[in-house]
Amino acid sequence: MEDPALLSELEPLVGTLLDRHLNNAKEWFPHEYVPWSQGRDFVPGEEWDPDEYQIADGVRSSLFVNLLTEDNLPYYFHAIGNMFGHSGPWAEWSHRWTAEEGRHSIVIRDYFTVTRALDPVALERARMAQVSCGEAPDPPTAMESILYVAMQELATRVAHRRTGKLMNDPVGEAIMKRVAMDENLHHIFYRDVASAAKEIDADQFVIALEKQVRNFEMPGTGIVGFKKHATAIAREGIYDFAVHYDAVISPVVLKHFAVENMEGLSPEADAARDGLMTFIRRLERFSVRSRERQERRATQLTSTG
Ligand SMILES: [Fe+2]
Ligand SMILES: [Fe+2]
């Protein structure tokens, strides 16, 4: 099915899901979450001192990547607008979504500025570099786009939440939790759109899902040192293959979309599903092994420490 036909068939549901979203979304104010009294003026030329906000390197990397990802909002808006259209319920959704996403960078940046959790000069230079790239994930079809954002919003929720838990600061954790709650509602919206798309064109759904699961990446494109930070984030156990399998692939792809039980697929879709299941099983084995390694390391540390 061509993109315009799929998008227009989904349009009434998008309107209904948007109404549901508006009922479930709670108004919140970034300024109420920021510990302003901890702040002080920056003297021009003052060097940032990492010891002022002590935190593990991987958690600091995660905070850096999470904020810059939120900062890239203009390009997600651009990609989503071009893919889903500029009028009707799809546009109403993408406008509302953009307004909500805007709060995320506001609250996280204000928290960093006040607490000095990150070097403000390095952060601003990195923001300029990333946003000047003008890049964002841009899947080739509407079906792939819906599936990508369904997984990405959930992955982002998990990354924010897990980062917050490691911040050793209840105020910072509350901020990341608040943002993660928004990401969860975004995920649920797209997940339910994806389920409807599955009913409309099951073959295309499976073929698109296989591609998007296999090639999934967080939207860190254009972030300075992204690979290095992603490695540090994985080493810290905040987001790695095992977390991705447990938090995204298993609950959404296996349980919610129930791809394994889909019947009546075309030979091409059937082959894509086989490929997808092989990939997922490999990911599962990899996740189990990496969990076992982490547990062994933790036991060794406790017994030697
Ligand atoms: Fe966000
Ligand atoms: Fe989101």
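User: Where is Arg 116 found?

Analyst: Good place to start. This is a predicted model, and in it Arg 116 sits in the loop between α4 and α5.

User: How exposed or buried is Arg 116?

Analyst: The idea is to count C-beta atoms around a residue: 20 or more within 10 Å means buried, and 12 or fewer means exposed. Arg 116 has 18 other C-beta atoms within 10 Å, so it counts as partly exposed.

User: And what should I read from its phi?

Analyst: The general background is that most residues other than glycine have a negative phi. Arg 116 has a phi near 60 degrees, a positive value in a residue that is not glycine. Asn 168 is also no glycine, yet has a positive phi of about 55 degrees. You will find Asn 168 in the loop between α6 (142-165) and α7 (170-200). With 12 C-beta neighbours inside 10 Å, Asn 168 is classed as exposed.

User: Which residue just after α5 has a positive phi?

Analyst: That is Gly 134, where phi is about 70 degrees.

User: Let's turn to α5 itself. What span should its 14 residues have?

Analyst: Multiply the rise, 1.5 Å a residue, by one less than the number of residues. For α5 (residues 120-133) the expected span is therefore 20 Å, and its end C-alpha atoms are 20 Å apart, in agreement. You can try the check on α2 too: with 15 residues, 21 Å is expected, and α2 reaches 21 Å from its first C-alpha to its last.

User: Which residues of α5 are buried?

Analyst: Leu 123, Ala 126 and Gln 130 are the buried ones. Looking down the axis of α5, these buried residues fall within an arc of 65 degrees, so they line one face of the helix. On the face turned away from that buried side you find the exposed residues Glu 124, Arg 125, Met 128 and Ser 132.

User: What covers the buried residues of α5?

Analyst: The cover includes α2 (57-71) and α4 (88-115). As for α2, 14 of its 15 residues are buried, so "mostly covered" is a fair reading.

User: Which residues does Phe 64 of α2 touch?

Analyst: Leaving out residues up to four places away in sequence, Phe 64 touches Leu 118, Leu 123 and His 229. Phe 64 belongs to helix α2 and is buried, since 24 other C-beta atoms lie within 10 Å. Leu 123 is one of the buried residues of α5. For a distance to check on screen, the C-alpha atoms of Phe 64 and Gly 134 are separated by 18 Å, and the two residues are 70 apart along the chain.

User: At what angle do α2 and α9 cross?

Analyst: The axes of α2 and helix α9 (residues 226-235) cross at roughly 130 degrees and come within 8 Å. That angle makes α2 oblique to α9. Their crossing is left-handed. On the α2 side the contact is made by Asp 57, Gly 58, Ser 61, Ser 62, Phe 64 and Val 65, and on the α9 side by His 229, Ala 232, Ile 233 and Arg 235.

User: How do α6 and α8 pack, and what is their handedness?

Analyst: α6 and helix α8 (residues 202-214) pack at about 50 degrees, with axes 9 Å apart. They are therefore oblique to each other, and the crossing is right-handed. Residues that meet here include Leu 147 and Tyr 148 in α6 and Phe 205 and Leu 209 in α8.

Note on methods: Residues are numbered from 1 along each chain as its sequence is written. Chains are lettered from A and ligands numbered from 1 in the order in which they are written. This is a predicted model: local features need pLDDT of at least 70, side-chain atom pairs count only at pLDDT 80 or more; totals for chains, interfaces and linings use all residues. Helices (H or I, at least four residues) and strands (E, at least two) are DSSP runs, numbered from the N terminus. The arc is that of the directions from the helix axis to the C-beta atoms. Two residues are in contact if their C-beta atoms, placed from the backbone, lie within 7 Å. Axes are lines fitted to C-alpha atoms, for helices over the stretch in contact, and angles run from 0 to 180 degrees between N-to-C directions. Angles under 35 degrees count as roughly parallel, over 145 as roughly antiparallel, 65 to 115 as roughly perpendicular and the rest as oblique. A crossing is left-handed if the near helix is turned anticlockwise from the far one by less than a right angle, and right-handed if clockwise.
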